[in-house]
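Please open the model in your viewer, with side chains available for display, and follow the selections below in order.

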Amino acid sequence: MNTQLIIDYLSALSMNNNREWYHANKDDYKKANAEFEELVQALILEIGKFDSSILHNNPKDLTFKIVRDTRFSHDKSPYNPAFRAHISSKGKLPVPVGYYLMIKPGGQSFLGGGLFAHMFKDATTMVRDYIVQNGEEWEKIIHEPAFEKYFTVQGTALKNVPKGYEKEHPQAEYLKFKSWYLEYPLKDEEFIDANVFPAKAAEIFRIMKPFNDYLNKALEGFQMPAR
């Protein structure tokens, strides 16, 4: 597994973000993408040691396209110079939440978890209601020393506690959130040793797992909106 190939290709794409260069270097994309899928497979096996629910996944089904939808964006560059994957019991769907990897050279790579999508109002309501009823469990998870060493809960948030929830609730600050997620930043050099990285990443994900489990209990029964 040659992870340097991934970094090199994405770095070149970032500097040549146009269709002509992309198509002229399509073979390089295929090689880098194959290496990324191999890396995702290695991650699946490592994560599977503590979360067997994800072992059935095929890496090809967990990755995202690098082609950008520029219709509603000021940035008209056609490609996102990043390889991304979401590993959960139901693949790359945002719910149930799982383990997210983004490789984007230049200090933008990270390991992630939790609910990134803030546009699903039903999901937001389900998590808020669960936090209201299970605040002590929430606090225990996010204040676990190992968790605090690596993570701070992030997310899109309102300025005020939404209507229907107590302003003085012990978890009021988190009730303002519309999404709840974690990010652990990665340096480019951390990918170089392909034999070491999957195990290291899986250890970060293992520490993240109770947070994911909590959200997935909150989201039990959630249905993705029909397209």
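Select D69, which counts as partly exposed because its relative accessibility is 47%; buried here means under 20% relative accessible area, exposed over 50%, and partly exposed in between (1.4 Å probe, protein chains only). Add R71, which is exposed at a relative accessible area of 61%, and you will find the two side chains meeting in a salt bridge at 2.6 Å, N to O, the term being used for a side-chain nitrogen of Lys or Arg within 4 Å of a carboxyl oxygen of Asp or Glu. This is a predicted model, in which local features need pLDDT of at least 70 and side-chain atom pairs count only at pLDDT 80 or more, while totals for chains, interfaces and linings use all residues. Residues are numbered from 1 along each chain as its sequence is written, and side-chain values use heavy atoms, with hydrogens and water left out.

Next, show R68 and D75, whose closest N and O atoms are 4.0 Å apart in another salt bridge; R68 is partly exposed at 23% relative accessibility, and D75 is partly exposed at 40%. Then move to E190 and K200, which form a salt bridge at 2.4 Å, N to O. This pair links distant parts of the chain, with E190 in the loop between β4 and α8 and K200, 10 residues apart from it, in helix α8; helices (H or I, at least four residues) and strands (E, at least two) are DSSP runs, numbered from the N terminus.

Now select R84, in strand β1 (residues 83-87). Which side chain of opposite charge is nearest to R84? It is D69, 11 Å away, and R84 is buried yet has no salt bridge; for such pairs, Lys and Arg count as positive and Asp and Glu as negative, whereas His and the chain ends are not counted. The side chain of R84 does, however, reach the backbone oxygen of K65 at 3.1 Å.

Turn next to helix α5 (residues 135-142), whose buried residues are G135, W138, I141 and I142. Viewed down the axis of α5, these buried residues fall within an arc of 125°, so they line one face of the helix, the arc being that of the directions from the helix axis to the C-beta atoms. On the other side of α5, E136 and K140 are exposed.

Finish at F211, which touches W138, I141 and I142 among others, contact meaning heavy atoms within 4.5 Å.

Notes. Polar contact = N/O pair within 3.5 Å; in protein donor to acceptor, adjacent residues only side chain to side chain. Lists of a residue's contacts leave out its neighbours within four places in sequence.
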